[in-house]
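This report covers the enclosed and open spaces of a structure, followed by a charged region on its surface.

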Amino acid sequence: MSKATLDRGVQILKEHIDAPTAAYFSSCVNCGMCADACLFYTETGDPAYTPINKLEPMRRLWEQEYTLVGRIKKLIGLSKPVTDEELGEWSDLVYHACSMCGRCSMVCPVGNDISYMIRNIREGISAAGYAPEGLIGATTRAVEIGSPMGITMHALNTQARNIKESSGLEIPFDREGVDYLVLLSSMEVINFPEYLEAIARIFKQAGKSWTISSEAFEATNSGIQIGVSDIARELVSRVVEAAEKLKVKTVVSPECGHAYTAIRWDGPNLMGRRFSFKVKHIIEVLDELREEGLLKVEGIEESCMTFHDPCQLVRKGGVIEQPRNLLKMIATNFVEMEDSGKMNWCCGAGGGVSAIEEAEGIRLKAFNRKKSQLEHLQVDTLVTACSNCRIQLEEGLEVNEMDIPVVGLTEMLADHLVEE
Amino acid sequence: MNSAEFLLWVRGPGLNIAMVIFIIGMLIRLLEIFMLGRKQNLAELRGNGISAGLRTIFTRSTPADKNSMRRSMFTFVAGYGFHIGLFVVIFLLMPHIQLIQSLLGFGWPALPTPVVDLFTVIALISLMALLWRRLTHPVVRYLSTPQDYLVWAATFLPLLTGYMSYHHLWFPYSWLLGMHILSVEFLLILFPFTKLTHAFTLFISRWYTGMMAGEKGVAS
């Protein structure tokens, strides 16, 4: 990365203004409806958090550089240039108070994809040197150590050994020509070791071959969250190289929302080429196994359950029915949260927000949306399929003294596998 | 300039100037957008982006879901009231259709003028409600720029002067009609250089958003 300066920030921002962005800025009539769809606004009441306002520096730059009137105004000194201070100020809006959940993009009456532009304005703000410390740290660790939380292969090896000792299940590393290359998120390695064991049990029962690459086990991509495409590309390329080296058919994203987006949708575009393998979220893979009759479960959960849709799966990934199909195999008392599926409310911690220490206050405030949804539902168990959501849900529930266990869907299914 | 000369000017040279600025201005704006281009999507697609894009062009005219509508009820009611009213007035009033016919060579049936008059009132009231909201609602007031008020006025005036002409209110008819046409010309000249362009560009926005979401298998 070259040195962060205002000039560089502005240059990068300009490079990210494309035809959709120009159409979006040309279409916005400042109606304010995006605010009603954004939990950072609804839970704080602060109009600065209105989604479209988070793009104001980029909008002015577009006007000044890519419209006739804007250029004339700039020429005769009538326009307000984008300043260093302004980008610094906007850093809080686009990193702390936006999880790129994309709800605003669903309601905008003129059809603007606001979260698409947030992803791009982050590129400019980080190039200008105003990315939050927490995300810079995570990104540096991801590049240097291989994981945003600083997890190394040692930790994973230890976990594999523990699983082998407790369950006798082998965690296969670096096997060639297998069905699935399984990726993990650091969060799973540290906080939810159940996930890896669940995968091992499910694939064993289904008779599928799989492996973990010791060179690229990390699925998350801090480059996407901080908005530095060069780093995002570097992180994705590690996975791509490992997948190609091991000649796998499918790369499986873990229970993580943005990791899925990073590899499935952004990956080929970052690399500038199509992939020779498929990319699927673990929930998609499990639903395929269910369809093929390879997922044999027994026992029914009788407690009242609901599912928290990770934004990146529903609004950015089209994975909506799959978790429901799976839940219905093992739960009789499944209830939908209000606005579930495509319009689900974010947990408040996505898009890198959870990595930013200074955002803790607003992150927990944003959680109030989920809190009121859950109070209304009165469920015994909350199921989800993203470990970042899961951490935020657990913390939010704890802070609000609500006693609802949060469970990952994959491990819940593994608990119901027919014993052989 | 007497009223006859005034009317003659706004109907002739005035209208021509406004139309030329409007058409060339809009062409420039559309070129400015499309010339920026966009990168090809190399990810394996889950759905057909083209049909999804076309679909979103229409579906975005309706609320995303019931709860979103409830949350933004005021904007929806006033927004629909204004846009439907404006559409009816522009395209279904007999004198307007006659003007279109003289320009394009074809026309269509008009609605009875008293009905159009009712829609004019709906549009005027909706616009006033939206202005009130712009001035009082914390979010909309925060977002609003001088341009928002300028385009509000530029939209309100043709409706108001049209209404006054039809009812022969306060001023001689020929002056009112002249003012009405002049206010439309003002609107046309402002159009390409302000967010009034949304009337055209929103279809492009919906198309891109619907297409990009559709390629991921999401109905946007």
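The largest cavity holds about 150 Å³ of space. Of the 16 residues lining this largest cavity, A:Gln312, A:Gly350, A:Gly351, A:Cys386 and A:Asn388 are the closest to its centre. Helix H16 (257-271), helix H18 (311-314) and helix H21 (387-399) of chain A are the elements that give two or more residues to the lining of the largest cavity. The model is a predicted one, and the count of cavities of 30 Å³ or more comes to seven.

The second largest pocket contains about 1,300 Å³ of space. Its lining has 49 residues, and both chains take part: helix H10 (198-215) of chain B supplies at least two of them, as do several helices of chain A, including helix H1 (6-15), helix H14 (222-226), helix H15 (229-245) and H16. With seven residues, H9(A) gives the most to the lining of this pocket.

| Space | Volume | Lining residues | Nearest the centre |
|---|---|---|---|
| Largest cavity | about 150 Å³ | 16 residues | A:Gln312, A:Gly350, A:Gly351, A:Cys386, A:Asn388 |
| Second largest pocket | about 1,300 Å³ | 49 residues | A:Tyr116, A:Arg119, A:Asn120, A:Asp266, A:Asn269 |

On the surface, a patch of negative charge gathers A:Glu85, A:Glu89, A:Asp92, A:Glu133, A:Glu357, A:Glu358 and A:Glu360. Helix H7 (residues 84-96) of chain A provides the largest share of the negative patch, three residues. A:Glu358 sits in the loop between helix H19 (321-330) and helix H20 (360-377) of chain A.

Conventions
Residues numbered from 1 in each chain as written. Chains lettered and ligands numbered in written order. Predicted model: local features only at pLDDT ≥ 70, side-chain atom pairs only at ≥ 80, totals over all residues. Heavy atoms only, no water. Patch = residues over 30% accessible without salt bridge, like charges linked within 9 Å, V, L, I, M, F, W, Y side chains within 5 Å. Areas by Shrake-Rupley, 256 points an atom, 1.4 Å probe, with all protein chains shown as cover. Salt bridge = Lys/Arg side-chain N within 4 Å of Asp/Glu carboxyl O. Lys, Arg positive; Asp, Glu negative; His and termini not counted. Charge placed at Lys NZ, Arg CZ, Asp CG, Glu CD. Helix = DSSP H or I, 4+ residues; strand = E, 2+ residues; numbered from the N terminus. 1 Å grid on protein atoms, 1.4 Å probe; cavity = no way out; pocket = protein on both sides within 12 Å on 5 of 7 lines; lining within 4 Å. Points joined across faces, edges and corners; volume = space filled by probe spheres on them.
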